[in-house]
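Colleague: I should like to learn how to read the packing of a helical model. May we work through one together?

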Amino acid sequence: MTDTELRAESFEIAWKYLDQSGLLTGERRDAARFILNRIDRMMRGGERRRLLLSNAAIDAYRLRPVLVTLDA
């Protein structure tokens with residue numbers, strides 16, 4: 001499996017899980033960028049296990065800081 005295929009499959013797993021669970025919030029482009037950035041960082045560090053890449057991206061997305069605006 002090429003790195004491109006690994007990246008795409010890991011992203012697809014993470015995206016489907018987050019979408020089906022209703023956890024995707026905000027702008028989808030920003031969510032996709034966040035997930036891919038996490039996968040890319042791990043791949044640059046040498047990780048090649050697809051499920052570990054996707055699960056780490058899911059966890060990072062779920063735990064990311066979210067800006068909350070308060071109406072005064």
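The dialogue below goes from the overall fold to the helix pairs, the core and three single residues.

Colleague: Where should the reading begin, and how many helices and strands are there in the protein chain?

Modeller: Begin with the inventory of elements. This is a predicted model, and its protein chain has three helices and zero strands. Along the sequence the pattern is α-α-α. The C-alpha atoms fill a box of roughly 50 × 25 × 15 Å along the principal axes.

Colleague: What do burial and sequence separation add for the protein chain?

Modeller: Of its 72 residues, 31% count as buried. If one takes contacts between residues at least 6 apart in sequence, 62% of them join residues at least 24 apart.

Colleague: How is a pair of packed helices to be described?

Modeller: Two numbers serve: the angle between the two axes and the distance between them. For helix H1 (residues 3–20) and helix H2 (residues 28–44), the axes come within 10 Å and cross at roughly 135°. H1 and H2 are therefore oblique to each other, since the antiparallel class is reserved for angles over 145 degrees. The crossing of H1 past H2 is right-handed.

Colleague: Which residues of H1 and H2 meet?

Modeller: The H1 side consists of Asp 3, Leu 6, Arg 7, Ser 10, Phe 11, Ala 14, Trp 15, Leu 18 and Asp 19. They face Arg 28, Ala 31, Ala 32, Ile 35, Leu 36, Ile 39, Asp 40 and Met 43 of H2. By class, the residues of this contact are 11 nonpolar, one polar and five charged.

Colleague: At what angle do H1 and H3 cross?

Modeller: They cross at roughly 45°, and their axes come within 8 Å. That makes H1 oblique to H3. H1 passes H3 in a right-handed crossing. From H1 the contact takes Leu 6, Glu 9, Ser 10, Ile 13, Ala 14, Tyr 17 and Leu 18. Their partners in H3 are Arg 50, Leu 51, Leu 53, Ser 54, Ala 57, Ile 58, Tyr 61 and Arg 62. The contact of H1 with H3 has 10 nonpolar, two polar and three charged residues.

Colleague: That leaves H2 and H3. How do their axes lie?

Modeller: The axes of H2 and H3 come within 9 Å and cross at roughly 130°. H2 and H3 are therefore oblique to each other, and their crossing is right-handed. In H2, Ala 31, Phe 34, Ile 35, Arg 38, Ile 39, Met 42 and Met 43 take part. In H3, the residues they meet are Leu 52, Leu 53, Ala 56, Ala 57, Ala 60 and Tyr 61. This contact of H2 with H3 divides into 12 nonpolar, no polar and one charged.

Colleague: How does one move from helix pairs to a core?

Modeller: In soluble globular proteins, nonpolar side chains tend to be buried together. Here the largest nonpolar core has 17 residues, and those that touch the most other members are Phe 11, Trp 15, Leu 18, Leu 24, Ile 35, Ile 39 and Tyr 61. H1, H2 and helix H3 (50–63) each supply at least two residues of this core. H2 gives the most, with six residues.

Colleague: Which residues does Ile 35 touch?

Modeller: With residues up to four places away in sequence left out, Ile 35 touches Phe 11, Ala 14, Trp 15, Leu 18, Ala 57 and Tyr 61. Ile 35 also appears in the contact of H2 with H1 and in the contact of H2 with H3.

Colleague: Let us turn to single residues. Where is Asn 55, and why is it classed as partly exposed?

Modeller: Asn 55 is in helix H3. The class follows from relative accessible area, with partly exposed lying between the limits of 20% and 50%. Asn 55 has 42% and is therefore partly exposed. Asn 55 and Leu 6 are 49 residues apart in sequence, and their C-alpha atoms are 13 Å apart in space.

Colleague: Where do Thr 2 and Ser 21 lie?

Modeller: Thr 2 is in the segment before H1 and is partly exposed, with a relative accessible area of 42%. Its C-alpha atom is separated by 12 Å from that of Met 43, 41 residues apart along the chain. Ser 21 lies in the loop between H1 and H2, and is partly exposed at 37% relative accessible area. Ser 21 and Arg 62 are 41 residues apart in sequence and 11 Å apart in space, C-alpha to C-alpha.

Definitions and conventions: Residues numbered from 1 in each chain as written. Predicted model: local features only at pLDDT ≥ 70, side-chain atom pairs only at ≥ 80, totals over all residues. Heavy atoms only, no water. Axes fitted to C-alpha atoms, helices over the stretch in contact; angles between N-to-C directions. Helix = DSSP H or I, 4+ residues; strand = E, 2+ residues; numbered from the N terminus. Parallel < 35°, antiparallel > 145°, perpendicular 65-115°, else oblique. Left-handed = near helix turned anticlockwise from the far one by under 90°. Contact = heavy atoms within 4.5 Å. Nonpolar A, V, L, I, M, F, W, Y, C, P; charged D, E, K, R; others polar. Core = buried A, V, L, I, M, F, W, Y, C linked by side-chain atoms within 4.5 Å. Buried < 20%, exposed > 50% of the residue type's maximum accessible area, 1.4 Å probe, protein only.
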